Amino acid sequence: MAFDIQLTNPILHPNVVPHRIVPVKFARAVTGFADLDAPDLDDRGFTIPQDFCTAHGPVVGVTQTKTIRVRVIRDRIDAAAPIFVSVDDASIAALEHPAPGGFLDPARVGERNGDSIYINGAATGSSSQETKIKLHFGAADGPVLAELAVRVFPEVVINVAAHSVSINGTGSTMTLANVQQIFRRINRIYAPAGIRFSIPSTLRAETVTGFARAGTITLTGVADQQNVELQTVLRQNSVAGRLNAYFFAHYFDTVTNLQDQVLGIAFSRDDANANPPVAASGFPGCQAGITFRDTVDLREAAHTAAHEIGHSLQLQHYDNGQQGSAGPPATPSRVRNDIWAHRDLMHNFVNLISSGGGTDVFPNSAARAQIGYGNYSDGRIMAGQLLGIKKIAKIRQSDQANRTRRAARNRSFAPV
């Protein structure tokens with residue numbers, strides 16, 4: 001009896017519900033804080049975007065000459081099934097393990113264990129390039145089970161000037177060693193976008209007086225771009241052409257009457273140009289740079305700093321927040337509490353809440369909060385550190401890696 005293939009076409013037959021069966025999938029090779037050689041994957045969506053990320057599946061970023069590893073998860077396939085690995089263009093991304101045409105052996109132990117693929121960013125030149133890794137069933141030229149796009153970025157270096165600020169006689173507790181450790185962690189976050197920050201070799205001492213509180217930048221009802229104390233700090237001996245990072249003891253918010261609710265604040269050259277000095281009022285003008293208050297948790301400091309650097313590189317919060325309103329009429333919160341947003345470096349919050357939020361479009365839950373980035377020292381769940389690569393029409397600034405690279409080349413982080 002003949003079989004009418006049209007019966008399986010969901011366009012012609014809308015009551016047919018299609019399902020995609022995934023025998024294998026790609027995943028981050030580690031858990032916990034971002035890792036230099038085990039980046040997260042941008043797996044938002046399956047179809048091919050028009051501009052880049054040409055695989056049916058996720059994309060991963062790697063800096064030229066660097067080697068990364070990606071885990072393969074056998075989801076709907078036997079553990080002993082032979083899975084062979086190929087790359088479309090080895091001059092862009094070279095397979096280090098398994099060898100080209102080789103297969104994954106789940107029984108293999110040691111550093112390069114069975115179901116991990118090791119990929120080297122072999123591409124040269126000044127532009128980013130992309131190729132595909134493919135998993136084949138049964139033989140090197142067997143049916144393709146899954147595809148992974150690998151986008152190789154030339155390295156962009158951002159030089160950093162770090163400043164320790166004493167306010168009314170009270171200084172920061174951050175040491176040079178602390179700051180160096182923070183920026184080493186920041187480099188782990190930005191490596192998949194091909195961006196590296198120079199590690200500060202000195203901590204420049206700055207002194208300001210006449211502020212409302214010792215050791216503290218006081219935030220008031222005005223916009224941060226127009227806050228006199230904040231902008232005064234950002235104008236302390238800023239170094240031309242560098243990302244200037246200022247460390248001090250505290251923020252205090254007069255609106256909430258809370259100290260240290262804020263972790264960091266940053267500005268780009270666009271912010272600075274839009275808020276020039278006003279001589280009549282004594283406003284010094286907005287300045288590009290980043291500010292941080294002290295914290296004993298250097299992982300929190302690094303995560304915060306990397307997020308704020310994103311703002312200095314012209315990134316907004318993931319999908320620009322979509323906060324909703326209290327009404328009337330009330331609209332649902334769209335903080336984007338979906339898992340993709342949780343994994344993104346530009347998520348609105350540095351930590352994730354595992355309960356509550358029942359009125360949100362994407363309500364919080366214990367399952368949604370488990371995204372694999374671990375916890376801070378006080379037990380709070382750490383938000384993710386992924387920089388998106390895919391360009392997705394309905395997600396504002398989805399192509400974050402490409403945007404930050406353009407901003408870096410244009411020195412959006414540098415003082416005016």
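This passage describes the fold, nonpolar cores, a small sheet and the salt bridges of a predicted model.

The chain has 416 residues, 51% of them buried, and contains 7 helices and 21 strands. Of the contacts with a separation of 6 or more, 70% are between residues 24 or more positions apart. The accessible surface of the chain is about 18800 Å², and carbon and sulfur atoms contribute 51% of that area.

In soluble globular proteins, nonpolar side chains tend to be buried together. In this model the largest nonpolar core comprises 54 residues, and the members that touch the most others are Phe-183, Tyr-190 and Phe-197. When residues up to four places away in sequence are left out, Phe-197 touches Ile-158, Val-160, Phe-183, Ile-186, Asn-187, Tyr-190, Leu-243 and Ile-309. A second core, separate from this one, has 26 residues, including Ala-81, Ile-92, Leu-95 and Val-150.

One open sheet is formed by 3 strands in the order β14-β16-β17, with mixed pairing. The edge positions are held by β14 (216-219) and β17 (258-259); each has a single partner strand, so one side of each is left without a neighbour in the sheet. Strands β14 and β16 (residues 250-253) run parallel and are joined by 4 bridges. Leu-219 has Asp-253 in β16 as its bridge partner.

The salt bridges number 13. In the pair formed by Arg-74 and Asp-115, the closest N and O atoms are 2.7 Å apart. Arg-74 belongs to strand β3 (residues 67-74) and Asp-115 to the loop between β6 (103-104) and β7 (116-121), so the salt bridge ties together parts that are 41 residues apart in sequence. Both Arg-74 and Asp-115 are buried.

Lys-134 pairs with Asp-88, with 3.4 Å between the closest N and O atoms. Because Lys-134 is in strand β8 (residues 129-137) and Asp-88 is in the loop between β4 (83-87) and β5 (93-97), this pair ties together parts 46 residues apart in sequence. Lys-134 has a relative accessibility of 19% and therefore counts as buried, the cut-off being under 20%. Asp-88 is partly exposed, at 44%.

A further salt bridge connects Arg-196 and Glu-155, the closest N and O atoms being 3.2 Å apart. This pair links distant parts of the chain, with Arg-196 in strand β12 (residues 195-197) and Glu-155 in the loop between β9 (144-153) and β10 (156-158), 41 residues apart. Arg-196 is partly exposed, with a relative accessible area of 35%, and Glu-155 is partly exposed at 38%. In addition, Asp-40, Asp-43 and Arg-343 are linked in a salt-bridge network.

Notes. Residues are numbered from 1 along each chain as its sequence is written. This is a predicted model: local features need pLDDT of at least 70, side-chain atom pairs count only at pLDDT 80 or more; totals for chains, interfaces and linings use all residues. Side-chain values use heavy atoms; hydrogens and water are left out. A nonpolar core is a set of buried Ala, Val, Leu, Ile, Met, Phe, Trp, Tyr and Cys residues joined through side-chain atoms within 4.5 Å. Buried means under 20% relative accessible area, exposed over 50%, partly exposed in between (1.4 Å probe, protein chains only). Contact means heavy atoms within 4.5 Å. Helices (H or I, at least four residues) and strands (E, at least two) are DSSP runs, numbered from the N terminus. Accessible areas come from the Shrake-Rupley method with a 1.4 Å probe; for residues, only the protein chains shown count as cover. Two strands pair if DSSP finds at least two bridges between them. A salt bridge is a side-chain nitrogen of Lys or Arg within 4 Å of a carboxyl oxygen of Asp or Glu.
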